[in-house]
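The following paragraphs lead through one protein model with a bound ligand, beginning at the ligand and moving outward to the chain. Please keep the sequence and the structure in view while reading.

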Amino acid sequence: MHKPSTALGVARDRIPSQPVTLVRPHAARRAARFFVEKFPGRSLYAVKANPSPDLIRTLWDSGITHYDVASITEVRLVRGLLPHATLCFMHPVKPAEAIAEAYHVHGVRTFSLDSVEEVDKIVAATATDGVSAADLTLCVRLRVSSAHSKLSLATKFGVGVDEAAPVLHAARQAADALGIAFHVGSQAMSPQAYADALALVRAAIVAAGVTVDVIDVGGGFPSIYPGMATAPIERYFAVIGRAFEDLPVSYSAELWCEPGRALSAEYASVLVRVEKRRGDELFINDGAYGALFDAAHIDWRFPVALVREQESRAKPVGFSFYGPTCDDMDYMRGPFMLPADVQAGDYLEIGMLGAYGCAMRTAFNGFGNGETVIASDEPMASNYTVTEATPAKVTPLREVRS
Ligand SMILES: *Cc1c(COP(=O)(O)O)cnc(C)c1O
């Protein structure tokens, strides 16, 4: 880490030959405050989007007290960083050893599941001397549609509404607090996704006739990428808040969400160098095995900008990228819009890589460990209008137990 900087400053002063990660703690703070102040419930950070310790500490300092973790490695990581954070183990299929360590060693009390078998596994793994735990919050993951989202999460996990009743009954029996969780898919393009999912939650509650203490609407809140126009996040919050108020849940029921992308996308960008130009193809020094996995594999269109002292006057045209490895698959189709005169030796900033970008780097082929620099300038796009001067306000903790 070095002193605060900008993309242009880093390119000019260091002429880096490796990709440089530019991190913007101020953007992460702004996103966290936005959720803490405006979401009508509690916001859990989904750690898989970006497990950077610096980011996690920044979110904690900005009022994010709860963390959605999905592996024992994430449990250990966050517990090591934040001894007082509340960790929620929200992977519906967990090894018994991971559940036991999370409960007995790291104080985890909240677990998600989507089958009766997983309820039994959790009950067995959290028992002490044959006595069942009396302090579990169990969240049943419901399968909902990903129709409104850019990245589906609809097939792997979740019990369908029609099969949910036995799972809800088993979880109710074993739990101190019962929750229903879902995920509408990542980058949900419309708030309607949550309204539709909450209608399924209502149907599941009515069919099972159980008392529910937690409604967890998951992640999916969008960030700003080229060509993906979404409603303002406040609209999502309003739709969710209204639907939650109408649910037949216990009087003291809590509303949770689990943003990953929305809390981390603006945190990081990557400064790359063009090593070669071949027509409209640019050979750059980061790629599919680095921070650009989603650009290569699901054609995600990250924002790009030419970083030059003297702004180019050339008209923008569409480029595709090759990454640094020897692999043909290390290819990002784009089109990424850049001035037509971009050439070898130029630097590019690729934005919004704080979510599912930096987190997915590998060291394949000897590429992948560049420097990290704190940037003080603005991210390439921002969804948040809360200013730095707004003081952090932590939602008062309301006990789940009623
Ligand atoms: C990935 C994931 C999230 C975060 O999703 P985003 O779309 O990044 O907000 C939240 N909850 C669960 C269970 C997840 O798997």
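A polar contact is a pair of N or O atoms within 3.5 Å. By that cut-off, the side chain of Y356 makes a polar contact with the ligand: one of its N or O atoms lies 2.6 Å from a ligand oxygen atom. The protein covers 91% of the 390 Å² of accessible area that the ligand has on its own. This structure is a predicted model, and all the distances discussed here are computed from it.

Two further separations describe how the ligand is held in the model. A polar backbone atom of R261 is 2.8 Å from an oxygen atom of the ligand. On the nitrogen side, an N or O atom in the side chain of D68 is 3.1 Å from a ligand nitrogen atom. The surroundings of the ligand comprise 14 residues, and the closest are K48, S186, E258, R261 and Y356. Sorted by class, this shell consists of five charged, five polar and four nonpolar residues.

How many helices and strands does the chain contain? The chain has 11 helices and 18 strands. With a radius of gyration of 22 Å, close to the 21 Å that the globule rule gives for 402 residues, the chain is therefore as compact as a globular protein of that length. The C-alpha trace spans about 65 × 45 × 40 Å along its principal axes.

Confidence should be considered alongside the fold. The mean pLDDT of the chain is 94, and 95% of the residues reach 70 or more. Over residues 386–402, however, the pLDDT is below 50, although this stretch has 39 contacts in the model beyond near neighbours in sequence.

Two details of the backbone deserve attention. Most residues other than glycine have a negative phi, and most peptide bonds are trans. Against the second of these tendencies, G334 and P335 are joined by a cis peptide bond, with omega at about 5°; P335 belongs to strand β16, which covers residues 331–339. Against the other, M352, a residue other than glycine, has a positive phi near 60°. M352 is placed in the loop between β17 (347–350) and β18 (372–374).

A last stop is S190, which sits in the loop between β9 (186–188) and α8 (192–208). Which residues does S190 touch, not counting those up to four places away in sequence? Its partners are H148 and Y236. By contrast, the C-alpha atoms of S190 and R24 are separated by 27 Å, and these two residues are 166 residues apart along the chain.

Note on methods. Residues numbered from 1 in each chain as written. Predicted model: local features only at pLDDT ≥ 70, side-chain atom pairs only at ≥ 80, totals over all residues. Heavy atoms only, no water. Near = heavy atom within 4 Å. Polar contact = N/O pair within 3.5 Å; in protein donor to acceptor, adjacent residues only side chain to side chain. Areas by Shrake-Rupley, 256 points an atom, 1.4 Å probe, with all protein chains shown as cover. Nonpolar A, V, L, I, M, F, W, Y, C, P; charged D, E, K, R; others polar. pLDDT = per-residue confidence, 0-100. Contact = heavy atoms within 4.5 Å. Helix = DSSP H or I, 4+ residues; strand = E, 2+ residues; numbered from the N terminus. Rg over C-alpha atoms; globule rule 2.2 N^0.38 Å.
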